[in-house]
Amino acid sequence: MNTATETRAPVNATGSQTALVAGSVVLDEYVEARGPWSAVIAAGDVLTIVDLEGNQAVDCLLYAAEDTSVRYSAAVTIAAQRSIVLTTGSVLRSETGAPLMTVMADEVGVHDTIGGACSQESNTLRYGQHTREQHACVENFLIEGSRWGLDKRDLVSNINWFMNVPVDPDGALGIVDGLSAPGKRVALRADIDTLVLVSNCPQINNPCNGFNPTPVRMIVTRPEAAL
């Protein structure tokens, strides 16, 4: 378990405190507000991400565990499904088109593929010099990725679970209040052994976290057929 996670009692009482895909629980961790997390999800296992308090963006990168040069491609994923949002049935593909993970169940319906990850540089550009020292998702990815031999050259366009990024008719992007709510979940099946890298987004300058970053829960289950 990494230093940004802890095992404790559920922090809310929504009743949505179980995995979306039934099976034996092989990992159950909490990621603190603003913190990083990572794990290798074995092929066939299912990762359920729980938005414990609602409106919390979860930035995510995927790599083939056996060869991290094979990693999630937003462009290939979007082109293959002809949609810029992710939901049940979306296949998260590498640059070769090979599946890494598949969205098996989703209680929100819209997850972002184009909003990117906040960084100290982008915070300064968008929100002013006073944000320069704020911790950001890119820093989380670099800290957690270093545990797996990854560095800045290995960062690619990421997924933003629970984040709402509408596209206006003129092509402009918005970052607005999320569509999630306390206890909402999304479940991802690993199609191969997949390294999942997460930044539980620390952004406080736009509505992606409701201006108040909160914890999330990561539950990995092994469906009965895989036992």
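Good morning. A residue is called buried when its relative accessible area is under 20%. Thr131 meets that criterion, because its relative accessibility is 0%. The model I am presenting is a predicted one, and every value I quote has been computed from it. Thr131 is a convenient place to begin. Its position is the loop that runs between α2, residues 120–127, and α3. Between the C-alpha atoms of Thr131 and Ser199 there are 18 Å in space, and 68 residues separate the two in sequence.

Let me now turn to the chain as a whole. Its secondary structure consists of three helices and 14 strands. The radius of gyration is 16 Å, and the globule rule gives 17 Å for 227 residues, so the chain is as compact as a globular protein of that length. Along the principal axes, the C-alpha atoms occupy a box of roughly 50 × 40 × 35 Å.

How much of the chain is buried? Of its 227 residues, 51% fall into that class. The exposed surface of the chain comes to about 9,500 Å², with carbon and sulfur atoms contributing 53% of it. As for contacts, consider those between residues at least 6 apart in sequence: 77% of them link residues at least 24 apart. On the matter of charge, the chain has 15 positive and 26 negative charges, and the mean positions of the two sets lie 1 Å apart.

I move next to the helix that follows the loop of Thr131. Helix α3 spans residues 137–145 and is mostly covered, with seven of its nine residues buried. The buried residues of α3 include Cys137, Val138, Asn140 and Phe141. Two glutamates of α3, Glu139 and Glu144, are buried as well, and so is Gly145.

Cys137 brings me to the cysteines. A disulfide is a covalent bond between the sulfur atoms of two cysteines. How many disulfides does the structure hold? The number is zero. Two cases show the reason, and here the cut-off matters: a pair of cysteine sulfur atoms must lie within 2.5 Å to be counted. For Cys201, the closest cysteine sulfur belongs to Cys137 at 3.6 Å, which is too far for a bond. For Cys60, the closest cysteine sulfur is again in Cys137, at 11 Å, and that too is too far for a bond. Cys60 is buried, with a relative accessible area of 0%, and Cys201 is buried at 3%.

Cys60 also appears among the contacts of a tryptophan, which is my next subject. Trp161 sits in strand β11, residues 159–161, and is buried at 0% relative accessibility. Which residues does Trp161 touch, once neighbours within four places in sequence are set aside? Its partners include Ile49, Gln56, Ala57, Val58 and Cys60. Among them, too, are Leu86, Leu92, Val103 and His111, together with Val186 and Leu188. By way of contrast, Val40 is 121 residues from Trp161 in sequence, and their C-alpha atoms are 18 Å apart.

One of those partners, Ala57, deserves its own remarks. Ala57 is located in the loop between β4 and β5, and its relative accessible area of 0% makes it buried. The C-alpha atoms of Ala57 and Asn200 are 6.7 Å apart, although their positions lie 143 residues apart along the chain. With neighbours within four places again left aside, Ala57 contacts Trp161, Met163, Ser199, Asn200, Cys201, Cys208 and Asn209.

The same loop contains a feature of the backbone. Most residues other than glycine have a negative phi. Asn55, which is not a glycine, has a positive phi of about 60°. Asn55 lies between β4, residues 46–51, and β5, residues 58–64, and is buried at 16% relative accessibility. Phe162 is another case, with a positive phi of about 70° and likewise not a glycine. Phe162 is found in the loop between β11 and β12, residues 184–190, and counts as buried at 1% relative accessibility.

I close with a second tryptophan. Is Trp37 buried or exposed? At 0% relative accessibility, Trp37 is buried. Its position is in strand β3, residues 36–41. Trp37 and Glu53 are 16 residues apart in sequence, and the C-alpha to C-alpha distance between them is 18 Å. Thank you for your attention.

Notes: Residues numbered from 1 in each chain as written. Predicted model: local features only at pLDDT ≥ 70, side-chain atom pairs only at ≥ 80, totals over all residues. Heavy atoms only, no water. Helix = DSSP H or I, 4+ residues; strand = E, 2+ residues; numbered from the N terminus. Rg over C-alpha atoms; globule rule 2.2 N^0.38 Å. Buried < 20%, exposed > 50% of the residue type's maximum accessible area, 1.4 Å probe, protein only. Contact = heavy atoms within 4.5 Å. Areas by Shrake-Rupley, 256 points an atom, 1.4 Å probe, with all protein chains shown as cover. Lys, Arg positive; Asp, Glu negative; His and termini not counted. Charge placed at Lys NZ, Arg CZ, Asp CG, Glu CD.
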